[in-house]
Amino acid sequence: MNTKKFATAINCIDGRTQIPVIEWLKKEYKVDYVDMITEPGPDKVLSEDRDSFTIQAIRRKVEISLNKHNSKIVAIAGHHDCAGNPVNKETHLKQILSAVGAIKMWNLGVDVVGLWINENWEVHKVE
Ligand SMILES: [Zn+2]
C-alpha cells in the first residue's frame, strides 16, 4: 500500500522552476512527492483557453495524478523570465489567478493554488 503523499503541479518546462515548486509544495502541504506536469508558460495556456488540445492533455495528466496518487492539491505556476510567456509580472499574476479559476471549473474535488516564482526563484502563493 502506498502511504506516501503526493501533490500535483502544473509548471513551466523551465528547469529553474522545478525544484522551487517541489520544495514549496513539500513544505506547505507536507507531501513526500510532487507529480510535475510541464508546459511552456502554462499560466498563459490555461488562462487564454485557446489551445483546447493542450489543455485537455494537461487535464488528463492531472487526473492521473489525482486518481492514482491520491493527490489533494493542484498547483499552477507562473514565473519570472518565462520564455514561453514573456509578459510582465502583473500580467502573469492575472493569468495565474485566471488559470486557477479555469482548473477549478474542472471540478476535481481538490484544492487549487496559484504560485508565482520571482526573479530570485522564490515561490509565493497568488491570491
Ligand atoms: Zn517558463
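These questions and answers concern a predicted model and the terms used for its sheet, helices and core.

Guide: Residues are numbered from 1 along each chain as its sequence is written. As the model is predicted, local features need pLDDT of at least 70, side-chain atom pairs count only at pLDDT 80 or more, and totals for chains, interfaces and linings use all residues.

Visitor: What makes E3 and E4 a pair of strands?

Guide: Strands are DSSP runs of E, at least two residues, numbered from the N terminus, and two of them pair if DSSP finds at least two bridges between them. E3 and E4 have 7 bridges, in the parallel sense, so they meet the definition. Gly 78 stands opposite Trp 116 in E4.

Visitor: Why is the crossover from E3 through H4 to E4 called right-handed?

Guide: With the strands pointing away from the viewer, the path from the first strand over the helix to the second must run clockwise. This β-α-β crossover is right-handed, so its path runs clockwise in that view.

Visitor: Why is E4 described as largely enclosed by the rest of the structure?

Guide: A residue is buried if 20 or more other C-beta atoms, placed from the backbone, lie within 10 Å of its own. In E4, 5 of the 7 residues are buried, so the strand is largely enclosed.

Visitor: What makes Val 21 a contact of Leu 115?

Guide: Contact requires C-beta atoms, placed from the backbone, within 7 Å. Val 21 is in contact with Leu 115, so their C-beta atoms lie within that limit.

Visitor: Why do E2 and E5 count as edge strands?

Guide: Each has a single partner strand, so one side of each is left without a neighbour in the sheet. The order is E2-E1-E3-E4-E5, in an open sheet with mixed pairing.

Methods
Two residues are in contact if their C-beta atoms, placed from the backbone, lie within 7 Å. Helices (H or I, at least four residues) and strands (E, at least two) are DSSP runs, numbered from the N terminus. A residue is buried if 20 or more other C-beta atoms lie within 10 Å of its own, exposed if 12 or fewer, and partly exposed in between; C-beta atoms are placed from the backbone. Lists of a residue's contacts leave out its neighbours within four places in sequence.
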